[in-house]
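Welcome to this short tour, and please have your viewer open. We will take a pair of side chains to begin with and then move on to a pocket.

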Amino acid sequence: MSAEERVKELGIILPIPAKPVAEYVPVKQVGKLLYISGQDCKKDGKLLYEGKVGKELTVEQGQEAARQCMINALAVLKQYLGNLDEIKQVVKVLGFVNSADGFVLQPAVINGGSKLLVEVFGEDGRHSRSAISSNELPFNTPVEIELIVEIK
C-alpha cells in the first residue's frame, strides 16, 4: 500500500501548511534530502495543546501533540512534493518537548510522531531520532518536531 493510501486509510486529512512566521522556509532541498522546518501541534490554526509536558499535560497528551506535529510535517511534504509516494525513506526526526522540571520521558512523547511515520511509510518510516527537553518552546507549544527525508 502506498503512503498516500495509508494516509487515507488512517483517516488523516492533511491541512494546508501554515506560512512561516519568520525568515525561513518550510522545506529546504539539498540533493535528494528534504529538511523540514520545526512543526508545532496546530490543528485548524490553533495549538492542540499548550504548556509543559509533565505539568499541564500528560505523556499521552504530549504524544497526541507529537502526532499532530508529524501530520503538519507530512502536509509540508505533500505541498512541496505533490505526492507522499515520492518519499524514499525517513532519515531523521528531531523532537523538542516543552518539559516541566524533572520530566524525563521525552522519548515517549516524541514516539507519538515516530509511530505515525511507521504507520504511513512502513519500514521506510523507521528513522534515527533525538528527543530533547526544552524549558520553553515558541508560542507555548508542548512539542516541536523537525524532519529529514530522502526522496526518490
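Select Cys41 and check its surroundings: this residue is buried, with a relative accessible area of 0%. Keep in mind throughout that the model you are looking at is predicted.

Now add Cys69 to the selection. Cys69 is likewise buried, and its relative accessible area is 0%. Draw a distance between the two sulfurs: that of Cys69 is the closest cysteine sulfur to Cys41, at 5.3 Å. Why is there no bond between them? A disulfide needs two cysteine sulfur atoms within 2.5 Å, so the 5.3 Å from Cys41 to Cys69 is too far. Seen from the other side, Cys69 is in no disulfide, with the sulfur of Cys41 as its nearest cysteine sulfur. By this rule, the disulfide count for the model is 0.

Next stop: the largest pocket. Turn on a surface and look for a space of about 860 Å³. To centre your view there, select Ala18, Gln39, Asp40, Lys42 and Asn72, which are the closest to the pocket centre among its 33 lining residues.

Which elements give two or more residues to this lining? Colour strand S2 (33-39), strand S3 (42-43) and helix H2 (59-81) to see them. H2 provides the largest share, with 7 residues.

Finally, colour the lining by residue type. You should find 17 nonpolar residues, together with 8 polar and 8 charged ones, around the largest pocket.

How values were computed: Residues numbered from 1 in each chain as written. Predicted model: local features only at pLDDT ≥ 70, side-chain atom pairs only at ≥ 80, totals over all residues. Heavy atoms only, no water. Buried < 20%, exposed > 50% of the residue type's maximum accessible area, 1.4 Å probe, protein only. 1 Å grid on protein atoms, 1.4 Å probe; cavity = no way out; pocket = protein on both sides within 12 Å on 5 of 7 lines; lining within 4 Å. Points joined across faces, edges and corners; volume = space filled by probe spheres on them. Helix = DSSP H or I, 4+ residues; strand = E, 2+ residues; numbered from the N terminus. Nonpolar A, V, L, I, M, F, W, Y, C, P; charged D, E, K, R; others polar.
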